[in-house]
Amino acid sequence: MSSNVTYQIENPKPAGMNAFRALLLTDVVDSTQLSEGLGDSAMGDVWSRHDRVARDLLHVWRGREIDKTDGMLLLFDAATDATSYALAYHSALAALPVPMK
């Protein structure tokens, strides 16, 4: 990943409830070069594995997918969940059959 940045945004909620959320944006480093080296078919398999890992971790860290292109925009109820997700995501990508950063 080239950068994982966590932002706090205000979310109007009733008094006494957490009014902050955390956004996380992922981006796979050099995905274009990886795709050119592997070819479209193999890269399709790589993206499928990436997406499965990324989405499975969302359930563990109580996150929600907002948008997906070659990266993902994710929303978490707490910055600690977003941070824990980012660490687990980075480790999971490194462990894939075709490691990603």
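# A guided tour from Asp30 to the aromatic cluster

Select Asp30 to begin: with a relative accessible area of 46%, Asp30 is partly exposed (buried means under 20% relative accessible area, exposed over 50%, and partly exposed in between, using a 1.4 Å probe and protein chains only). The structure on display is a predicted model, in which local features need pLDDT of at least 70 and side-chain atom pairs count only at pLDDT 80 or more, while totals for chains, interfaces and linings use all residues. Residues are numbered from 1 along each chain as its sequence is written, and side-chain values use heavy atoms, with hydrogens and water left out.

Asp30 sits in the loop between β2 and α1 (helices, H or I of at least four residues, and strands, E of at least two, are DSSP runs numbered from the N terminus). The backbone of Asp30 has a phi near 55 degrees, a positive value in a residue other than glycine. Most residues other than glycine have a negative phi.

**Helix α2**

Next, select residues 40–60, which form helix α2. Its 21 residues should span 30 Å at 1.5 Å a residue, and the end C-alpha atoms are 30 Å apart, which agrees (the expected span is 1.5 Å times one less than the number of residues). Now colour the buried residues of α2: Met43, Val46, Trp47, His50, Asp51, Val53, Ala54, Leu57 and Leu58. Viewed down the axis of α2, these buried residues fall within an arc of 165 degrees, so they line one face of the helix (the arc is that of the directions from the helix axis to the C-beta atoms). An α-helix has 3.6 residues a turn, so residues three or four places apart point the same way.

What do the buried residues of α2 pack against? They pack against α1 (31–38), β3 (63–68), β4 (71–76) and α3 (79–94) (contact means heavy atoms within 4.5 Å). Turn the view to the face of α2 directed away from its buried side, where the exposed residues Ser41 and His59 are found.

**Salt bridges**

Side chains of opposite charge can pair when their charged atoms come close. The whole structure contains 6 salt bridges (a salt bridge is a side-chain nitrogen of Lys or Arg within 4 Å of a carboxyl oxygen of Asp or Glu).

Remain on α2 and select Arg52 and Asp56, which form a salt bridge with their closest N and O atoms 2.9 Å apart. Both residues lie in helix α2, 4 residues apart, about one turn of the helix. Asp56 counts as partly exposed at 38% relative accessibility, and Arg52 counts as partly exposed at 47%.

Move on to Arg62, in the loop between α2 and β3. Arg62 has a positive phi of about 55 degrees although it is not a glycine. Which residue meets the side chain of Arg62 in a salt bridge? The partner is Asp81, at 2.7 Å from N to O. Asp81 lies in helix α3 and Arg62 in the loop between α2 and β3, so the pair ties together parts that are 19 residues apart in sequence. Asp81 is buried, with a relative accessible area of 8%, whereas Arg62 is partly exposed, with 48%.

Select Arg64 and Asp77 next; their side chains meet in a salt bridge of 3.3 Å, N to O. This pair links distant parts of the chain, with Arg64 in strand β3 and Asp77 in the loop between β4 and α3, 13 residues apart. Arg64 counts as partly exposed at 38% relative accessibility, and Asp77 counts as partly exposed at 31%. Add Arg21 to the selection: salt bridges that share partners join Arg21, Arg64 and Asp77 into one network. Arg21 is found in strand β2 (residues 20–27) and counts as buried at 7% relative accessibility.

**The aromatic cluster**

The structure holds 2 aromatic pairs (rings of Phe, Tyr and Trp, the last by its six-membered ring, pair if their centres lie within 6.5 Å; planes under 30 degrees apart count as stacked, over 60 as edge-to-face and the rest as tilted). Select Phe76 and Tyr85, a tilted pair with 5.3 Å centre to centre and 50 degrees between the planes. Both Phe76 and Tyr85 are buried. Then add Tyr89, which forms a stacked pair with Tyr85 at 5.7 Å centre to centre, with 15 degrees between the planes. Tyr85 and Tyr89 both lie in helix α3, 4 residues apart, and Tyr89 is buried, as is Tyr85. The tour ends with Phe76, Tyr85 and Tyr89 selected together, as they form one aromatic cluster.
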